[in-house]
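Reader: I'm in my first year and still learning how to look at a protein. Could you pick a single part of this one and take me through it slowly, together with what surrounds it?

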Amino acid sequence: MTGCAAFPPFPAAAEAPQLSLTIGLDSSARSRILRRRVSWPWSLPRGYHLHGARGALTVLPQAAGAGLLSGDLWQHEIRVERHARMRLIEAGSTAVHTARTGPGELRWQLAAEAGAKLALFAQPFVMMAGARLLQRTRLRLHPHAVVVLADGFCLSGGAADAARDWRAELTVEQEDGTPLLRDAQSVSGSELARLVQLHQSAFASVTLLAPPSVLEVLRPALPEGAFDCDQGYAAVGPLRRGAGLSLRLACRDGGALTRAMARVQDRIERRIFG
């Protein structure tokens, strides 16, 4: 990131997002879906409140079809208005298929207003032989909002495959468009092949952005440094400018990663949502 120049917008897309949600408060201060647009491949069951009527609204979108195909573009927009709370949890893992004409791409355009809380917990993508995955996430963040972004992937069969490729980019900006954070990650097939030799075939990241008062509550549960992780490795570190915390995980397989992510999710949610 150079200077204070605004981040460039997403490349233009021919179609509207397949999943678009606005979460806000109703007259009883209950978080609910105010506006929605849902089209293939997504379906959206009715949300529910796990921690009482004024707790976070939990939404579990379900993807139809065979998974993310070569050249697919899945676009999502989520806006959480002032003081609303939302947990979005994908109902199952999505397969990413062989890249015959290009990578499968996912875009997330997110916004969290003052006092909002947003947690996105995606099940690990399953990278098939020759799969290529590109993930782009752009977040507009109020300084008094809390956002948790968690996703990952595992290799189908845990086998080495030099053709696989995974790239992800997260950009975070303030409400006026001032850049706050850019986190770009990538791993090539040859690098993945070396990790498989070390018995690691499933990987995830968790990015937690919050004001200092919330970070102080979270730090006992996510202390900086090495993190306890069954059948794998994990570490927590601070984000630049004190914006939050970053957690990276590498596990033996997709099952071990799913279990590790569930423990991380529980630690975070108990302190954010109560």
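**A close look at strand β13**

Author: Let's start with β13 and one of its partners: β13 is joined to β15 by 10 bridges, and the two strands run parallel. Before we go on, please keep in mind that this is a predicted model. You can check the pairing on a pair of residues, since Leu141 stands opposite Gln174 in β15.

Now turn to the other partner. Strand β10, residues 104-112, pairs with strand β13, residues 132-141, in the parallel sense, and nine bridges connect them. Two pairs will help you find your way along this pairing: Gly104 has Leu133 of β13 as its bridge partner, and Leu110 stands opposite Leu139 in β13. If you wonder what a bridge rests on, strands of a sheet pair through backbone hydrogen bonds, either parallel or antiparallel.

How many of the residues of β13 are buried? Seven of its 10 residues are, so the strand is largely enclosed by the rest of the structure.

Step back and you can see where β13 belongs. It is part of an open sheet of seven strands, in the order β2-β1-β7-β10-β13-β15-β16, with mixed pairing. Why do β2 and β16 each have one side without a neighbour in the sheet? β2 (31-38) and β16 (179-188) stand at the edges with a single partner strand each, so one side of each is left free of a neighbour there. On average, neighbouring strands of this sheet are turned by 10° against each other, ignoring direction.

Follow the sheet from β13 through β15 to reach the edge strand β16. Here the pairing is antiparallel: β15 (residues 165-174) and β16 are joined over nine bridges. Val172 has Leu181 in β16 as its bridge partner. The two strands form a hairpin with four residues between them, and Gly177 in the turn has a positive phi of about 90°.

Beyond the sheet, look for helix α1, residues 189-197, where Gly189, Leu192, Ala193 and Val196 are buried. These residues cover an arc of only 105° around the axis, which puts them on the same side of α1. Among the elements covering the buried residues of α1 are β14 (146-155), β16 and β17 (202-209). After the helix comes His199, with a positive phi near 65°. His199 is not a glycine, and its place is in the loop between α1 and β17.

Let's return to β13 and ask what its residue Leu141 takes part in. The largest nonpolar core has 48 residues, and Leu141 is listed with Leu21, Ile78, Met86 and Phe153 as those with the most contacts inside it. As background, in soluble globular proteins, nonpolar side chains tend to be buried together. To see one of these core residues among its surroundings, select Ile78: apart from neighbours within four places in sequence, its contacts include Leu21, Met86, Trp108 and Leu110. You have met Leu110 already, opposite Leu139 in β13.

There is also a second, separate core of 33 residues, which includes Ala56, Cys154, Phe227 and Cys251. Ala56 makes a good landmark there. It is found in the loop between β4 and β5 (57-59), and it is buried, with a relative accessible area of 1%. Setting aside residues up to four places away in sequence, Ala56 touches several residues, including Tyr48, His49, Met86 and Phe273. Notice Met86, which you just saw named in the largest core.

One of those contacts, His49, is worth a last stop. Its place is in strand β4, residues 48-49. Is His49 buried or exposed? With a relative accessible area of 18%, His49 is buried, because the cut-off for buried is under 20%. Its side chain has polar company: a polar contact of 3.2 Å joins it to the side chain of Arg30, and the backbone oxygen of Ser31 lies 2.8 Å from a polar atom of the His49 side chain. Ser31 also brings you back to the sheet, as β2 spans residues 31-38.

Notes
Residues are numbered from 1 along each chain as its sequence is written. This is a predicted model: local features need pLDDT of at least 70, side-chain atom pairs count only at pLDDT 80 or more; totals for chains, interfaces and linings use all residues. Side-chain values use heavy atoms; hydrogens and water are left out. Two strands pair if DSSP finds at least two bridges between them. Axes are lines fitted to C-alpha atoms, for helices over the stretch in contact, and angles run from 0 to 180 degrees between N-to-C directions. Buried means under 20% relative accessible area, exposed over 50%, partly exposed in between (1.4 Å probe, protein chains only). A polar contact is a pair of N or O atoms within 3.5 Å; within protein, one must be able to donate a hydrogen and the other to accept it, and residues adjacent in sequence count only if both atoms are side-chain atoms. The arc is that of the directions from the helix axis to the C-beta atoms. Contact means heavy atoms within 4.5 Å. A nonpolar core is a set of buried Ala, Val, Leu, Ile, Met, Phe, Trp, Tyr and Cys residues joined through side-chain atoms within 4.5 Å.
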